[in-house]
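Subject: Structure for you to look at

Hi,

Here is the structure I promised. Please open it next to this email and follow along.

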Amino acid sequence: MILPKEVERKLRRVLREQRQQAKLLTHALPPRAKVLLVGPPGSGKTMSTRALAGELRLPLFTILLDGLITKFMGETAAKLRLVFDAIRETRGVYLFDEFDAIGGQRTLMNDVGEIRRVLSSFLHFLEDAEPTSVIVAATNHPDLLDPALFRRFDDVIEYSLPTEELARKAFRSRLQGLDTSDVDWQSVVGAAKASSFADIVKACEDAAKEAILGDTDVVTTETLLRALEDRRGVRGRRAASRWRADPAALPIGPRGVSAETSLRRLSQ
Ligand SMILES: Nc1ncnc2c1ncn2[C@@H]1O[C@H](COP(=O)(O)OP(=O)(O)O)[C@@H](O)[C@H]1O
Ligand SMILES: [Mg+2]
């Protein structure tokens, strides 16, 4: 996996503290156990969490908040409690994916008070959680999260789109074993500007399949450029539908409060 230095450093620090948690705990120092991963889709948040679990040889559990939050506050709180019971009882890595749903689903709620209670019960559970399990929250929309929330995590790790250098590495690593000696890297990397790691990996796989099915191991600049172009098409359509579906874009918060404002008010 290809990561910016700072991201890698922070992930390694979590691993180190988790691996030697007994040592830290004898000095009353809690190991890092609660991390928030922030960054655009396809930048490696889920993949890193899987890697953490793998390195620690712990099971990975993913909690989709989208499905957990219902319009009944009591039911939501009860489900959250079950999740945190499991976190206490079974050591593992627990990924709260699409973490912004805790605010994004607010139109389902009857009023601001209920949303505030979901968030505050989450924060309460989070605060009480022992540092034996690792709790990872991931979001593509940090702007939907309340700043107060960031402080509850031991680390906030920021992912980004690949720099030119990392994009180049990503291409080379995914095309390893194929003949890329004729590839004009400058134009390929240039065309991948604003592409995510996920887009680059997919484009490489498309180009590799094309080569292999054509009974050659030669990957050309043209196939790579075309594959990138195809990915961009897919992403453009996805982004458009997301925009329409995003409740934060609509001023329909409870009692006429805009969604953004109502979320910000939760922490006050
Ligand atoms: N930093 C990275 N290095 C290498 N491959 C990556 C990276 N980030 C994403 N990918 C590729 O994209 C796929 C999707 O990434 P994922 O971790 O699900 O992104 P996110 O959770 O940030 O939306 C991964 O399975 C992997 O193939
Ligand atoms: Mg993800």
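One definition before the helices: an axis here is a line fitted to C-alpha atoms, for helices over the stretch in contact, and angles run from 0 to 180 degrees between N-to-C directions. Also bear in mind that this is a predicted model.

**The helix pair**

Take α9 (residues 164-174) and α11. Their axes come within 9 Å and cross at roughly 35°. The crossing of α9 past α11 is right-handed. On the α9 side, the contact is made by A167, A170, F171 and R174. On the α11 side, these meet F197, I200, V201, C204 and E205. Sorted by class, this contact has seven nonpolar and two charged residues, with no polar ones.

**The ligand site**

Which residues come nearest to ligand 1? They are G44, T46, M47, F197 and A198, out of 14 residues around the ligand. Two elements give two or more residues to this shell: α3 (45-56) and α11 (197-213). F197 therefore turns up twice, since it is among the residues nearest the ligand and also part of the α9 contact, where C-beta atoms within 7 Å count as touching. By class, the shell has nine nonpolar, four polar and one charged residues.

Where does the ligand lie relative to the domains? Domain 1 (5-160) and domain 2 (164-244) both give residues to the shell, so ligand 1 lies between them.

**The sheet**

There is an open sheet of five strands, paired in parallel. The order is β2-β3-β4-β1-β5. β2 (60-64) and β5 (155-158) stand at the edges. Each has a single partner strand, so one side of each has no neighbour in the sheet. On average, neighbouring strands are turned by 20° against each other, direction ignored.

For a closer look, try β3 (residues 93-97) and β4 (residues 134-139). They pair in the parallel sense over four bridges. V93 has V134 in β4 as its bridge partner.

Two helices go with this sheet. Helix α1 (residues 5-19) packs on the sheet and touches β1 (34-38), β4 and β5. The direction of α1 makes about 145° with that of β5. Helix α3 lies across β1, β2, β3 and β4, and runs at about 170° to β3. Recall that α3 also gives residues to the ligand shell.

Best wishes

Methods:
Residues are numbered from 1 along each chain as its sequence is written. Chains are lettered from A and ligands numbered from 1 in the order in which they are written. This is a predicted model: local features need pLDDT of at least 70, side-chain atom pairs count only at pLDDT 80 or more; totals for chains, interfaces and linings use all residues. A residue is near a molecule or strand if its C-beta atom, placed from the backbone, lies within 6 Å of it. Ala, Val, Leu, Ile, Met, Phe, Trp, Tyr, Cys and Pro count as nonpolar, Asp, Glu, Lys and Arg as charged, and the others, Gly among them, as polar. Domain bounds come from an automatic or database domain assignment. A crossing is left-handed if the near helix is turned anticlockwise from the far one by less than a right angle, and right-handed if clockwise. Two strands pair if DSSP finds at least two bridges between them.
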